[in-house]
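Below are my notes on the model you sent, as numbered points. They start with the order of elements along the chain and end with a single loop residue.

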Amino acid sequence: MTLQKILVALAGIVLVAMAYQTYGWPGVAAALGAVMMWVMLHFTRLMTVLKRAANRPIGHVGSAVMFNVKLKRGVTLMHVIAMTRSLGERLSPEGEEPERFRWTDTGGSAVTADFQGGKLVQWTLQRPQSDEVIPASSVAAPAPGTAP
């Protein structure tokens, strides 16, 4: 259990205790109502993200390059799924750390992300190798006296 989870639980307990100390049982009811509202807001966000991701192909992203630029170390897997609106293609075995997922765009570019404890630790962008070579002589030269 991470320190953040412990602190959130401790803050909830302290809030309920302070509400009881100040307002008695009506204060406890109000504090528990506030804590439940906070939990319901997070649950609703989770369900909305997963509902949007369910309607897209697994491991697909609109632009892998733009997705790569938006990534930041330490964001959660749920945040990444919300950004891509797609579940990532799992590359690591179930239950193994770090978890590795890949998102690919239609051009063949892909972002592979590693998550340790549900947080993004590293990611790489793979671009497809282009076998097509356009010789410089086939590019039309501008007419003399015109701006390029």
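1. Along the sequence the elements follow the pattern α-α-α-α-β-β-β-β. That gives 4 helices and 4 strands in the chain. Please keep in mind throughout that this is a predicted model.

2. The strands form an open sheet of 4 in the order S1-S2-S3-S4, and the pairing is antiparallel. The edge positions belong to S1 (89–90) and S4 (119–126); each has a single partner strand, so one side of each has no neighbour in the sheet.

3. At the S1 edge, the pairing with S2 (residues 99–104) is antiparallel and runs over 2 bridges. Within this part of the sheet, Glu89 is placed opposite Arg102 of S2.

4. Helix H4, residues 77–84, lies across two strands, S2 and S3 (110–116). Its direction makes an angle of about 10 degrees with S2.

5. Which residues have the most contacts inside the largest nonpolar core? They are Phe67, Leu71, Leu77, Val80, Trp103, Phe115 and Leu120, in a core of 16 residues. At least two residues of this core come from each of H2 (25–54), H3 (64–70), H4, S2 and S3. Both helices and strands therefore contribute to this core.

6. For the chain as a whole, buried residues are 23% of the 148 residues. The exposed area of the chain is about 10,700 Å², with 64% of it supplied by carbon and sulfur atoms. Among contacts with a separation of 6 or more, 46% are between residues 24 or more positions apart.

7. Ser92 deserves a look in the viewer. This residue sits in the loop that links S1 and S2. Is Ser92 buried or exposed? Its relative accessibility is 10%, and the cut-off for buried is under 20%, so Ser92 counts as buried.

8. The surroundings of Ser92 can be listed briefly. With neighbours within four places in sequence left aside, Ser92 is in contact with Pro98, Glu99 and Arg100. A polar atom of the Ser92 side chain lies 3.1 Å from the backbone nitrogen of Arg100. Glu99 and Arg100 fall within the residue range of S2, 99–104, so the loop residue Ser92 touches the strand that follows its loop.

Methods
Residues numbered from 1 in each chain as written. Predicted model: local features only at pLDDT ≥ 70, side-chain atom pairs only at ≥ 80, totals over all residues. Heavy atoms only, no water. Pairing = 2+ DSSP bridges. Contact = heavy atoms within 4.5 Å. Axes fitted to C-alpha atoms, helices over the stretch in contact; angles between N-to-C directions. Buried < 20%, exposed > 50% of the residue type's maximum accessible area, 1.4 Å probe, protein only. Areas by Shrake-Rupley, 256 points an atom, 1.4 Å probe, with all protein chains shown as cover. Polar contact = N/O pair within 3.5 Å; in protein donor to acceptor, adjacent residues only side chain to side chain. Core = buried A, V, L, I, M, F, W, Y, C linked by side-chain atoms within 4.5 Å.
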